[in-house]
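The following paragraphs offer a guided reading of a protein model. Please keep the sequence and the coordinates at hand while following them.

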Amino acid sequence: MADKVESYVSHADAVQAYSKELQEPDWMLQLRLEALDKIDDLQEPRIERLRYNRWPLWQLPNLEAGDKASDIDYTKYVPELHTDNIVVQAGNQSVVEELPQSLKDKGVVFTDIKTALRDYPDLVKEAYMTTALQPDKNKITAFHAAFMNSGLFLYVPKNVVIEDPLEAIFIQDALVQDSYIKHVLVYAGPNSQFDYVERWLTAGDEKTSANIIVEVIAQANAKIRFSSVDLLGQNTTAYFNRIGHVGRDANIDWAIGAMNNGNVIVDLDTDLVGDGSETDLKAVGISWGKQTQVIDSNVVNFGSNSNGNIFQHGVILDRGTLTFNGIGQIHRNAKDANAQQESRVLMLSEKARGDANPILLIDEFEVEAGHAASIGRVDPNELYYLMSRGIPKAEAERLVIRGFLGAVISAIPSKVVREELIDTIERKLLSR
């Protein structure tokens with residue numbers, strides 16, 4: 001790593017030039033340079049049951065290309081726009097941004113992060129890598145802070161309730177070899193309420209890396225339902241880090257479908273900071289081929305009467321590897337907190353490798369906590385019941401698996417995204 005880090009530090013001039021071209025505020029440039037200086041001193045995040053030191057997560061982006069538009073024809077991936085609340089990004093550029101004037105009049109901001117840094121710098125500064133996480137959390141976050149080259153900013157002001165989901169579609173440009181370093185910042189004011197749905201896709205098949213950080217900040221009494229379907233390509237090695245910061249009596253519900261085709265870490269962290277804060281984290285994953293996938297879910301209870309639930313179900317095909325790490329932490333003075341988790345894995349191949357690793361870290365007496373974990377195969381009694389009703393074995397297996405993954409599917413508010421997740425599951429099952 002030492003040689004690589006020297007090259008990172010030597011790119012300070014390129015980082016400055018890139019920041020100037022984007023017309024970023026001075027504080028953003030300073031954040032980039034400070035993160036660049038710290039990369040060498042920081043450790044990579046520890047992911048239980050995974051050694052990923054040889055994964056190509058440290059590819060430098062082509063900053064000299066500047067703010068170049070992608071050659072992706074996004075209409076091949078998004079043939080129809082099913083909502084008026086949508087942002088579509090192809091590579092590092094927004095190609096569609098739609099938001100009703102009625103929401104703009106209420107102060108809602110839904111735009112690419114480069115525009116937000118120019119037009120709303122003080123608002124972005126309040127939350128960008130200051131509240132949910134710091135740039136120096138680990139080596140990957142520092143790398144991300146220094147070289148971030150695109151992203152999204154969603155701000156919903158105090159007391160604003162949005163009925164229809166806000167949707168973001170991100171199409172990674174793998175037509176060229178370039179590092180994809182995307183930052184999504186979702187910032188919810190007090191008493192606000194909305195659904196946010198995102199999809200991650202890949203165009204092209206060049207070998208690339210993706211370093212994606214999503215910050216979700218819910219101020220007092222805010223209610224957010226966050227859904228995502230991750231569908232990055234087979235030649236993309238990815239690190240997703242989604243971080244939630246939940247204030248007093250606020251709530252973030254997560255529904256994550258990890259359907260990527262390449263090696264991936266999905267790192268899900270939620271801090272229940274305020275008293276009465278809550279999170280319900282549902283994640284499903286499918287590993288296939290020779291893919292290695294780890295879903296690492298960490299909920300930390302800081303506030304009293306806080307409630308954190310982790311629910312993880314996964315399916316493994318072929319020679320795939322899938323690991324669920326479920327970590328529930330209750331800090332001292334988080335009285336009457338509740339931490340629960342369930343991780344279950346179905347293996348559909350003799351050569352599949354699965355692991356469910358529950359961890360509870362409790363520093364307070366007046367709490368509730370529990371976990372459940374299992375790894376196994378499709379229940380033969382369920383298959384027998386369905387087959388006795390005339391359903392062929394392959395179809396019966398698919399129905400059982402659909403039911404096994406159903407909790408996350410049903411939690412996604414967008415019908416279009418639900419259907420895409422179901423279609424993806426079906427394609428993977430039929431590929432066996």
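A crossing of two helices is called left-handed if the near helix is turned anticlockwise from the far one by less than a right angle, and right-handed if it is turned clockwise. The model to which this term is applied here is a predicted one. In it, the crossing of helices H3 and H7 is left-handed. The contact involves Leu-31, Arg-32, Ala-35 and Leu-36 on the side of H3, and Ala-142, Ala-145, Ala-146 and Phe-147 on the side of H7.

Two packed helices are described by the angle between their axes and the distance between the axes. For H3 and H7, the angle is about 140° and the axes are 7 Å apart. H3 is therefore oblique to H7, because an angle over 145 degrees would be needed for the pair to count as roughly antiparallel.

One residue of this contact, Ala-142 of H7, also serves as a reference point for a loop position. Glu-44 is located in the loop between helix H3 (26-38) and strand S1 (86-90). The C-alpha atoms of Glu-44 and Ala-142 are separated by 10.0 Å, although the two residues are 98 residues apart along the chain. Glu-44 has a relative accessible area of 27% and is therefore partly exposed, since that class lies between the limits of 20% and 50%.

The next element to consider is the sheet. Nine strands form an open sheet with mixed pairing, in the order S3-S4-S6-S8-S10-S12-S14-S16-S18. Strand S3 (109-112) and strand S18 (353-362) are its edge strands, each of which pairs on one side only. From one strand to the next, the twist averages 5°.

Within this sheet, strand S8 (residues 208-218) and strand S10 (residues 236-246) run parallel and are joined by eleven bridges. Ile-217 stands opposite His-245 in S10. Helix H7 (residues 139-147) lies across strand S6 (180-188), S8 and S10, and runs at about 95° to S8.

Which residues does Asn-211 touch, not counting residues up to four places away in sequence? Asn-211 belongs to strand S8, and the residues it touches are Ile-140, Phe-143, His-144, Tyr-180, Ile-181, Lys-182 and Tyr-239. With a relative accessible area of 4%, Asn-211 is buried, because the limit for that class is under 20%.

A second position in the sheet is Thr-270, which is found in strand S12 (residues 264-272). Its relative accessibility is 0%, so Thr-270 counts as buried. Apart from neighbours within four places in sequence, Thr-270 is in contact with Gly-244, Val-246, Trp-254, Thr-279, Leu-281, Asn-298, Val-299 and Val-300.

Backbone geometry is the next topic. Most residues other than glycine have a negative phi. Met-129, which is not a glycine, nevertheless has a positive phi of about 50°. Met-129 lies in the loop between helix H6 (121-127) and H7, and its relative accessibility of 1% means that it counts as buried. Asn-159, also not a glycine, has a positive phi of about 70°. Asn-159 is placed in the loop between strand S4 (150-156) and strand S5 (166-173). At 48% relative accessibility, Asn-159 counts as partly exposed.

Finally, the record may be set beside the model. An unreviewed UniProt entry carries the annotation "domain: SUF system FeS cluster assembly SufBD core" for residues 178-404. In the model, the chain over residues 178-404 is 9% helix and 60% strand, and the end C-alpha atoms of that range are 37 Å apart.

Terms used:
Residues numbered from 1 in each chain as written. Predicted model: local features only at pLDDT ≥ 70, side-chain atom pairs only at ≥ 80, totals over all residues. Heavy atoms only, no water. Pairing = 2+ DSSP bridges. Helix = DSSP H or I, 4+ residues; strand = E, 2+ residues; numbered from the N terminus. Axes fitted to C-alpha atoms, helices over the stretch in contact; angles between N-to-C directions. Contact = heavy atoms within 4.5 Å. Buried < 20%, exposed > 50% of the residue type's maximum accessible area, 1.4 Å probe, protein only. UniProt positions renumbered as here; feature names shortened; annotations may be inferred. Parallel < 35°, antiparallel > 145°, perpendicular 65-115°, else oblique.
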